[in-house]
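Welcome! Please take a look at the sequence and the 3D view below, then work through the exercises at your own pace.

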Amino acid sequence: MTAATTAVAGHEPETASLHHLCRVLAEAAEAVGEASEYASTLALGTRIPGAGGGAARRTLLRTITDPKGLGWAPRGRGLARIGWLTGVFTSRESLAVSLAVTGLKARIRAAAVTHPELLADPDTARVLRAVQGDRQREAVRVFRSILAAKGAERTFALLAPAFADILAWNALTDENPLNDGAGWEIATGRTLTGAEPILGVSARVWAFLDRGPGRAEPLVPPPALAERLDTSGTIAGYVRNIGAVGTDGTLLVQQVVGPDGVERYVVQLAGMSGVSDKSPQDLLGAVHAVARPATPYSRAVSKALRRLIPSGCELALVGHSLGGITAMNLAADRDFCEIHRVTHVVAIGSPVDGKRPADPRTRVYSLVNEHDVVPSLEGRSSVSAYALPEQFTEFTWTDDTHAFPLCHAAERYAHNLEQEVPEASARVDADLAPFRGRVTAARFFRLYDR
């Protein structure tokens with residue numbers, strides 16, 4: 001169930017038209033970018049043979065520097081990279097980037113059609129108007145003023161439907177060369193892999209800083225926690241369990257005998273804990289997990305499950321926020337899937353759309369409140385123009401909680417699933433029917449970076 005597509009008659013085009021436009025512009029931007037790189041290689045690198053080589057080189061140089069042609073378009077290595085950096089620092093316009101930026105603005109416009117509150121709120125409307133007018137410094141100034149006046153909670157929730165595209169637009173229009181790659185990935189429908197789009201810190205840096213091998217130790221939970229566990233086998237119940245377990249590095253695995261008498265396991269993974277020097281669920285681990293498949297969190301969970309679950313058993317991985325990212329990272333790990341049969345991944349409020357399970361039989365469910373900014377942090381928003389593969393089923397919705405992080409909390413998602421979108425719950429529960437049965441054991445582990 002995707003949020004309904006609506007258009008304001010006589011004022012806004014339909015979102016389908018805008019999404020088609022942005023995909024066409026992204027394809028054109030990539031084609032122009034490839035042409036720019038080829039022309040740059042000939043003009044600045046490769047020796048052009050023949051008597052007319054000098055004239056050809058001059059023509060190519062004009063082509064990659066002429067505002068009426070490809071714009072300021074040096075691309076590639078060596079002199080081409082120096083030329084590209086010069087263009088970024090001096091805000092010179094490139095045709096490829098202009099096409100990509102125009103596509104992003106179409107996507108932001110489509111988000112505003114689907115979510116009219118973006119334009120109904122005077123503050124967020126000012127941000128969107130600055131984006132449409134390519135006024136980058138004004139957009140940043142207005143955004144900061146909204147943060148100061150309304151706080152991060154309200155600001156991020158209001159802008160969430162368009163936040164990833166706004167970040168990409170900002171990356172491609174500011175004078176920071178480090179975040180351009182991330183902006184380009186989002187603009188062309190790819191998942192963030194190289195760097196984050198704000199400062200442009202490389203994923204290799206996050207991986208270097210987050211190098212723990214992961215460790216898991218069996219944990220005896222407090223009696224009150226064990227008594228609170230939901231054993232209904234519903235997706236809302238699993239999300240409530242994740243909320244009860246908390247974000248202090250605790251892993252919960254429920255052992256279930258299904259209706260067919262087969263023993264299966266439901267792994268329940270909690271989200272980010274904040275800043276920590278011991279837990280793999282910290283902020284550093286969260287940023288790392290978005291771009292890379294193996295992290296201390298995924299390694300610690302893998303070690304816990306090897307100790308507990310016999311090889312070949314069926315698993316359902318249910319995760320909230322960072323837990324959902326980690327669930328997908330495990331499902332994408334071929335070595336993990338050779339030991340365990342991952343039949344389902346359910347990611348709640350998680351940026352997982354760019355990840356793919358190693359086993360083509362694995363079913364993936366992504367459950368997203370459209371005013372939760374976290375699921376868009378990998379570059380694809382909940383109102384994206386790009387469809388997900390057949391293995392994925394995405395349910396999105398809105399509720400009246402336009403405050404972040406409240407709308408991101410596990411408890412709020414459990415409430416949404418039961419009250420606002422029971423049809424989504426019913427669909428997931430039906431698919432998880434083999435895991436609904438008698439809970440024969442609940443095992444806990446404490447997870448560590450090292």
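## Exercise 1: Helices α7 and α8

Helix α7 and helix α8 cross with a left-handed sense. This is a predicted model, and your task is to describe how α7 and α8 pack.

**Solution.** Start with the extents: α7 covers residues 136-159, and α8 covers residues 163-173. Next, take the axes, which come within 13 Å and cross at roughly 155°. Angles over 145 degrees count as roughly antiparallel, so α7 is roughly antiparallel to α8. Now look for the residues that touch: α7 brings Q136, A139, V140, F143, F156 and L159, while α8 brings F163, I166, W169, N170 and T173. Sorted by class, this contact has eight nonpolar residues, three polar ones and no charged ones.

## Exercise 2: Helices α8 and α9

Find how α8 is placed against helix α9, residues 180-187.

**Solution.** Begin with the geometry: the axes of α8 and α9 are 8 Å apart, and the packing angle is about 135°. That angle makes α8 oblique to α9. The crossing of this pair is left-handed. On the α8 side, the contact uses A164, D165, A168, A171 and L172. These residues meet D180, G183, W184, I186 and A187 of α9. Finish by class: the contact of α8 with α9 holds seven nonpolar, one polar and two charged residues.

## Exercise 3: The sheet

Work out the strand order of the open sheet and find its edges.

**Solution.** Step across the eight strands, and you should read β1-β8-β2-β3-β4-β5-β6-β7, with mixed pairing. The edge strands are β1 (215-219) and β7 (392-397), each of which pairs on one side only. Neighbouring strands in this sheet are turned by 20° against each other on average, direction ignored.

Now zoom in on one pair. Strand β2 spans residues 250-257 and strand β3 spans residues 263-269; the two pair in the antiparallel sense over six bridges. Within this part of the sheet, L252 stands opposite Q268 in β3.

## Exercise 4: Two helices across the sheet

Which strands do helix α14 (residues 296-308) and helix α15 (residues 322-331) lie across, and how do α14 and α15 meet?

**Solution.** Take α14 to begin with: this helix lies across β1, β2, β3, β4 (314-320) and β8 (438-448), and runs at about 135° to β8. Then turn to α15, which lies across β3, β4, β5 (341-348), β6 (363-369) and β7, running at about 150° to β4.

Next, compare the helices with each other. The axes of α14 and α15 come within 9 Å and cross at roughly 65°. Angles of 65 to 115 degrees count as roughly perpendicular, and α14 and α15 are therefore roughly perpendicular to each other. The crossing is right-handed. In the contact, Y297, S298, V301 and S302 of α14 meet L322, G323, T326 and L330 of α15. By class, that gives four nonpolar, four polar and no charged residues.

## Exercise 5: Confidence

What is the mean pLDDT of the protein chain, and where does pLDDT stay under 50?

**Solution.** For the chain as a whole, the mean pLDDT is 90, and 95% of the residues reach 70 or more. Then check residues 1-11, over which pLDDT stays under 50. For this stretch, the model has 20 contacts beyond four places in sequence.

Key: Residues numbered from 1 in each chain as written. Predicted model: local features only at pLDDT ≥ 70, side-chain atom pairs only at ≥ 80, totals over all residues. Heavy atoms only, no water. pLDDT = per-residue confidence, 0-100. Contact = heavy atoms within 4.5 Å. Pairing = 2+ DSSP bridges. Helix = DSSP H or I, 4+ residues; strand = E, 2+ residues; numbered from the N terminus. Axes fitted to C-alpha atoms, helices over the stretch in contact; angles between N-to-C directions. Parallel < 35°, antiparallel > 145°, perpendicular 65-115°, else oblique. Left-handed = near helix turned anticlockwise from the far one by under 90°. Nonpolar A, V, L, I, M, F, W, Y, C, P; charged D, E, K, R; others polar.
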